[in-house]
Amino acid sequence: MTFGQFLVTAVLLINTFCNGAVPVFVNPDPLGGTTLSIAEDTSVGTTIYTLLATDPDGDPLTYGKFTGVGFDVISPDSVVTTQTFSVAIQSTHSITVSAFDGTSTTYMSMSITLTAAVAANPNSPVFLPTLYATNIPENTASGTSVQALTCSDVESTTCTLAIQSGDDASNKFTISGNNVQTTSTAIDYDSMSGQSFLYTLVITGVDTPGSPSSANTATATVYVTVTSQNDNTPSISGPSTSTVSEDSAAGTTVCTMTASDADYGDDGTLSFSIVGGNTGGLFGVSSSSGVVYLAGTLDFEITMSHELVIKVSDGGNSVLTATSTVTITVTDVNDNSPTCSSAPYVFSVNEQTSATPVTVTTLACTDGDAGTSLQYAIASGNSDTCFALDALTGVLTTACTLDYDTGSQHYALVTTVTDGTFTTTVTLAVNLVPVNDITPSFGSSTTVTIAESSSAGTAILTYTAADSDASPHNIEKYEITSVTNSGSSFFMIDMTSAVIYLSQAVDFETSQNYVLILEATDGGSLTGTGTVTVSVTDVNDNTPSCTPTAHVTSVSEDAALNAVVIADLSCSDGDAGTSLVYSVTSRPVSTHFAVSETGGVASLVVNSALDYETTSYYVLAVSVSDGGTSSTVSVVVNVGNVNEAGPVFNPVTYAVAFSESTSVSSVLATVTATDADTDTITYSFVTSYTGFAIDSAAASAGAAALIGVATLAAGIVKLRKVSSLTSGSAKLTKVGQIKSRYGPKHGRVRQQKWTLIHADCIASCAYANQANW
């Protein structure tokens with residue numbers, strides 16, 4: 001039997017004695033054998049199996065080992081190891097055990113497979129994660145948790161943490177449980193620039209295995225970045241006083257302040273500013289160097305000293321500052337030029353329609369030097385002498401008519417003011433303010449002509465108004481305010497160019513002219529109106545129409561000339577004053593029909609005689625034209641048949657001779673009549689004749705047969721001709737014996753009458769077959 005990859009064989013050795021039964025093994029199984037697995041590190045003397053056998057005689061059994069190395073059987077029934085093992089040397093062992101009942105012995109083999117030994121502590125602890133990064137501010141308090149670490153081991157043993165490297169000699173960090181913490185040694189950001197303000201701590205985790213296994217170790221790295229704290233206040237120093245001349249130029253150095261800060265980086269970056277005493281912004285300070293300089297013009301006559309408060313600030317998030325005060329004394333210099341207080345010198349004045357002076361401004365100029373008289377003058381920019389400046393008062397007035405629309409709109413007057421020593425130049429900007437003094441005006445009313453066929457979007461006319469005002473009072477928009485004849489929807493105007501467009505097609509037949517009222521509006525809301533008359537000219541733009549466009553009618557073939565076939569073709573044309581012209585074409589080709597107009601009504605009439613027998617219907621196309629366009633009315637005319645012609649015998653007289661022995665039902669004669677209307681002819685006797693008949697079965701063929709039906713005497717038989725709708729013929733047959741020998745020898749025959757002549761008479765009369773009989 002096979003177990004896994006090993007073949008196990010059980011051998012049963014039985015010694016037979018005549019006087020008893022042999023032992024029988026239960027364990028190992030005598031039927032399938034037994035295979036054991038033991039670890040290769042099983043200790044010597046370890047019991048690996050218990051034997052069991054039975055004896056049918058009930059004898060006590062003794063177990064022993066028969067063959068095999070490394071194992072033995074000890075009393076009473078245990079299989080034990082006697083050596084150490086190695087899977088690498090030999091992975092499978094076999095032994096044979098025995099059971100002895102005092103007389104007989106039974107043997108059984110066992111297979112033993114070694115399994116590789118499993119270490120007691122095979123797994124190292126694990127950090128999850130293995131890399132940590134965190135930030136702490138400098139001067140963090142002792143015992144503050146920096147980073148919590150997670151260390152675990154599958155054997156569920158303790159993971160003990162320790163700092164392996166990365167801390168400095170003063171031991172800024174320690175381990176508490178699974179946390180990296182700060183110690184009482186302060187961390188100073190400002191001293192860490194050499195190590196980039198970073199601690200790279202390597203943390204070990206060691207498990208605690210059972211004896212005799214050794215401990216396993218794992219490592220994790222914790223990056224601790226130290227952030228700065230603004231924990232040092234800057235200090236400032238410099239002179240407490242300084243002197244500067246009032247005529248010193250801007251940029252002149254007044255004094256220099258110095259400062260320091262023990263913080264590193266932004267926290268130690270210093271900047272200077274003036275926070276007090278700098279009225280008018282006369283002084284400035286370099287934010288980086290602390291140099292105090294003159295930023296404006298000093299005037300001893302106004303302020304003789306300035307007390308500035310200089311502040312230095314560091315760059316920390318929580319800014320720390322220090323201040324120092326310096327008093328600056330201004331020394332007097334004769335440097336005052338005339339000054340004018342109305343800067344900026346920009347003025348506005350309405351455009352003027354007359355030369356009456358209007359005050360623009362007064363130059364209020366002064367001089368710091370006592371007892372100074374000022375003189376004013378216009379130096380340039382007044383070439384058209386439209387302004388005057390009073391030399392003593394500095395009053396600027398207009399001196400001409402100022403027209404914004406046609407002249408200059410802006411003036412730049414360069415003026416001077418002098419105290420006799422110093423001269424100040426002032427440029428005055430004078431802007432004219434436009435006045436909306438002109439109303440938009442259209443020229444005379446105008447008339448324009450357009451064809452009614454003009455399409456939407458057609459430019460009709462450009463009708464502009466005049467307004468001499470310049471922007472912003474020039475014309476801004478045009479509008480159509482009204483249109484006569486309800487024509488507002490037909491016209492539109494470009495608000496800027498005043499081009500009038502057709503917005504939809506006009507119709508001459510609806511209206512022949514429109515009067516448009518236009519309004520022009522300027523930028524000052526003044527308006528003017530104008531009138532445009534649009535005349536519409538007629539265009540043949542409508543196709544004749546007839547209702548209905550198709551007819552089916554009939555007319556009798558005997559209709560008289562000009563008989564009405566269709567009383568009113570009901571044709572019209574939307575174009576005013578249009579005359580319609582009619583023409584008729586026929587299939588088959590004929591001139592039997594024409595159109596007759598009376599009082600504006602067009603009728604279809606018979607133009608020539610009709611004949612049903614020639615043509616029974618006509619397909620007409622009545623064309624209706626207005627001279628430019630046309631339409632067609634379809635007409636089917638059925639010709640009604642009229643029985644206008646009676647049957648005609650040909651010949652009209654017949655001579656018949658027959659023997660008296662002629663048998664009954666014999667055909668005596670066949671007569672034929674024709675009808676011009678092609679109607680069917682029906683034959684009959686004019687009066688009743690005994691002994692004769694008309695064959696009715698043959699009458700449909702267009703002929704008739706005279707038939708003898710009895711014995712008759714000679715006499716006259718009159719035949720009657722009758723028309724019918726179908727053609728045919730009939731035979732006269734004798735249907736009886738003629739035995740009479742009486743009658744005249746001759747008989748006169750008249751038109752449409754039969755004269756029956758006795759045979760004897762025919763034989764004896766020379767005129768029997770003459771046509772006049």
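# A guided tour, starting at the pocket

The largest pocket has a volume of about 160 Å³. Bear in mind as you look around that this is a predicted model.

**Stop one: the pocket lining.** To see the walls, select Thr297, Leu298, Asp299 and Ile302, then add Asp335, Asn336, Ser337 and Thr339, and finish with Thr366, Asp367 and Gly368. Now try colouring your selection by residue class: the lining has six polar residues, three charged ones and two nonpolar ones.

**Stop two: a disulfide between two strands.** Next, select cysteine 340 and cysteine 365. Their sulfur atoms are 1.7 Å apart and form a disulfide. Look along the S-S bond and you will find a right-handed link, with 95° about that bond. Cysteine 340 sits in strand β31 (residues 339-340) and cysteine 365 in strand β34 (residues 365-366), so the pair links distant parts of the chain, 25 residues apart. Are these two cysteines buried or exposed? Cysteine 340 has a relative accessible area of 12%, which is under the 20% cut-off, and therefore counts as buried. Cysteine 365, at 10% relative accessibility, is buried too.

**Stop three: a disulfide between two loops.** Move on to cysteine 386 and cysteine 400, another disulfide, with the sulfur atoms 1.9 Å apart. The torsion about this S-S bond is about 105°, so the link is right-handed. Show the backbone on either side: cysteine 386 lies in the loop between β35 (375-380) and β36 (387-389), while cysteine 400 lies in the loop between β37 (395-398) and β38 (410-418), so the bond ties together parts that are 14 residues apart in sequence. Both cysteine 386 and cysteine 400 are buried.

**Stop four: back to a pair of strands.** Select cysteine 546 and cysteine 571, which are joined by a disulfide with an S to S distance of 2.0 Å. With 110° about the S-S bond, this link is right-handed. The partners come from distant parts of the chain, 25 residues apart: cysteine 546 belongs to strand β49 (residues 545-546) and cysteine 571 to strand β52 (residues 571-572). Cysteine 546 is buried, as is cysteine 571.

How many disulfides are there in the count? The count comes to four. Numbering the bonded cysteines along the chain, the pattern is 1-2, 3-4, 5-6, 7-8. While you have cysteines on display, click on cysteine 255 as well: its relative accessibility is 6%, so this residue counts as buried.

**Stop five: a glycine in a loop.** Now go to glycine 45, in the loop between β5 (34-39) and β6 (47-50). Its relative accessibility is 47%, so glycine 45 counts as partly exposed. Which residues does glycine 45 touch, leaving aside neighbours within four places in sequence? The contacts are with Val80 and Thr81. Draw a distance between the C-alpha atoms of glycine 45 and valine 80 and you should read 5.3 Å, although the two residues are 35 apart along the chain.

**Last stop: colour by confidence.** Switch to pLDDT colouring. The mean for the protein is 81, and 85% of the residues reach 70 or more. Then select residues 1-19, where the pLDDT is below 50; this stretch has 37 contacts in the model beyond near neighbours in sequence. Residues 710-773 also have a pLDDT below 50, and that stretch has 231 contacts beyond near neighbours in sequence.

Methods. Residues numbered from 1 in each chain as written. Predicted model: local features only at pLDDT ≥ 70, side-chain atom pairs only at ≥ 80, totals over all residues. Heavy atoms only, no water. 1 Å grid on protein atoms, 1.4 Å probe; cavity = no way out; pocket = protein on both sides within 12 Å on 5 of 7 lines; lining within 4 Å. Points joined across faces, edges and corners; volume = space filled by probe spheres on them. Nonpolar A, V, L, I, M, F, W, Y, C, P; charged D, E, K, R; others polar. Helix = DSSP H or I, 4+ residues; strand = E, 2+ residues; numbered from the N terminus. Buried < 20%, exposed > 50% of the residue type's maximum accessible area, 1.4 Å probe, protein only. Contact = heavy atoms within 4.5 Å. pLDDT = per-residue confidence, 0-100. Disulfide = S-S within 2.5 Å.
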